[in-house]
Amino acid sequence: MNDLGQDLELRLVRYFTVVAAHQHFGRAAADLHVAQPALSRQIQRLEKYLGVRLLDRAPRGTRLTPAGQSFLPQAQALLRAARQAELAVREQAEAERITIGYVEDLVITAAVRELRRRCPDAEIATRYLSCRDVGALSDKGVDALIARAPLPFAADEVFTIPLYEEPRMLAVPRGHPLAARASVTAEELAGEEAAPCAFETSDWTSYRILGAGVPPIESYEDKLELVASGGAIAVLPVGDRRSSLRPDIVTVPIEDAPPSQVVLVSRKGDPNPMIRNLWLAAETVLTAPAA
């Protein structure tokens, strides 16, 4: 008779298969990292549950009884099925997980909220990145990246989806001759010398420092400090509001300049289905901020 009200424990089934494989309690106990008397008691529990003797003990080893021989393939199949179920659940969990990188000033809250609405059971994480940290996409530190183009990735490495565009503005120190203007034109800035850019692909990268003899500057805060002190002027996307926090900097719209583009980037060939879900969510709710 089995233990009424008790379910068959997979742990006991596994213990039985290991003893059957070794045909020796001592070796099986060592393999399982349990004490031999404890293993013997667990096998007795299994036999009591099933109501049959599975193993015949002998001084030099252990052999399966006819009932044990009949139970062994069923026990092995049961363990395989349990393992397959575990793997299926883990694969499903992996399929519903994503880490989203976002760069500098961009606010992606609306897209994350929409993604959570669409995929309520998914594990969704975000990671703030500076412009120097976008390599986290190639290094698999993030699964997708929302950033401003251009980005330092080869075209055959990533898949890029445009999300929205923003006009440009000029940031100048208060008191600068252009500070009182209602707008400036791209042509007026054409003769300004540009500081080197980390991944310069055109004259209109998302952020541009203009001024003679300006060295490369990585920190955005240092760029603003240089502008405020009169050492340079800067071209920025209008959606970047950080310059407005400084009373010593004035921003002026730029006419006829190519827009700054915000994009969603992922690794080519990445099978994660959450990337498409993110794209759909971002495309639905992410738009350029009002100027």
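Which residue in β10 is the bridge partner of L170? It is V235. The views below come from a predicted model in which local features need pLDDT of at least 70, side-chain atom pairs count only at pLDDT 80 or more, and totals for chains, interfaces and linings use all residues. Residues are numbered from 1 along each chain as its sequence is written, and side-chain values use heavy atoms, with hydrogens and water left out.

**View 1. An open sheet of five strands.** The strand order is β8-β11-β7-β10-β9, and the pairing is mixed. β8 (184-185) and β9 are the edge strands, each pairing on one side only. β7 and β10 are antiparallel and share four bridges. One of the positions on β7's side of this pairing is L170, with V235 as its partner in β10. Strands here are DSSP runs of E with at least two residues, helices are runs of H or I with at least four, and both are numbered from the N terminus. Two strands pair if DSSP finds at least two bridges between them.

**View 2. Helix α7 and its buried side.** In α7 (residues 220-228), Y220, K223, L224, V227 and A228 are buried. They span an arc of only 135 degrees around the axis, so they sit on the same side of α7. The arc is taken from the directions that run from the helix axis to the C-beta atoms. Buried means under 20% relative accessible area, exposed means over 50%, and partly exposed lies in between (1.4 Å probe, protein chains only). These buried residues pack against β7 (168-173), β9, β10 and β11 (249-255). Contact means heavy atoms within 4.5 Å. After α7 comes G230, with a positive phi near 90 degrees.

**View 3. The second largest cavity.** The structure holds two cavities of 30 Å³ or more. The second largest has a volume of about 30 Å³. Its lining is Y207, R208, I209, K223, A234, V235 and L236. β9 (208-210) and β10 (233-237) each supply at least two of these residues. β10 gives the most, with three. By class, the lining has five nonpolar residues, no polar ones and two charged. A cavity is a set of points, on a 1 Å grid over the protein atoms alone, where a 1.4 Å probe fits but cannot get out; lining residues have an atom within 4 Å of a point.

**View 4. Strand β5, enclosed.** All five residues of β5 (residues 144-148) are buried, so the strand is largely enclosed by the rest of the structure. Both faces are covered: A144, I146 and R148 lie on one side, L145 and A147 on the other. In a regular strand, side chains alternate between the two faces of the sheet. β3 (residues 97-103) runs parallel to β5, joined by three bridges. There, I100 has A144 as its bridge partner. β12 (residues 260-267) runs antiparallel to β5, joined by five bridges. R148 is bridged to V262 of β12.

**View 5. Two buried helix residues, L46 and T17.** L46 lies in α3 (residues 36-50). Its relative accessibility is 0%, so L46 counts as buried. Leaving out residues up to four places away in sequence, L46 touches L8, L12, V13, F16, L54 and F71. The C-alpha atoms of L46 and V13 are separated by 7.5 Å, although the two are 33 residues apart along the chain. T17 belongs to α1 (residues 10-22). T17 is buried, at 13% relative accessible area. Beyond its neighbours within four places in sequence, T17 contacts L72, A75, Q76 and L79.

Definitions and conventions: On a 1 Å grid over the protein atoms alone, a cavity is a set of points where a 1.4 Å probe fits but cannot get out, and a pocket is an open set with protein on both sides within 12 Å along at least five of seven lines; lining residues have an atom within 4 Å of a point. Grid points are joined across faces, edges and corners, and a volume is the space filled by probe spheres set on the points. Ala, Val, Leu, Ile, Met, Phe, Trp, Tyr, Cys and Pro count as nonpolar, Asp, Glu, Lys and Arg as charged, and the others, Gly among them, as polar.
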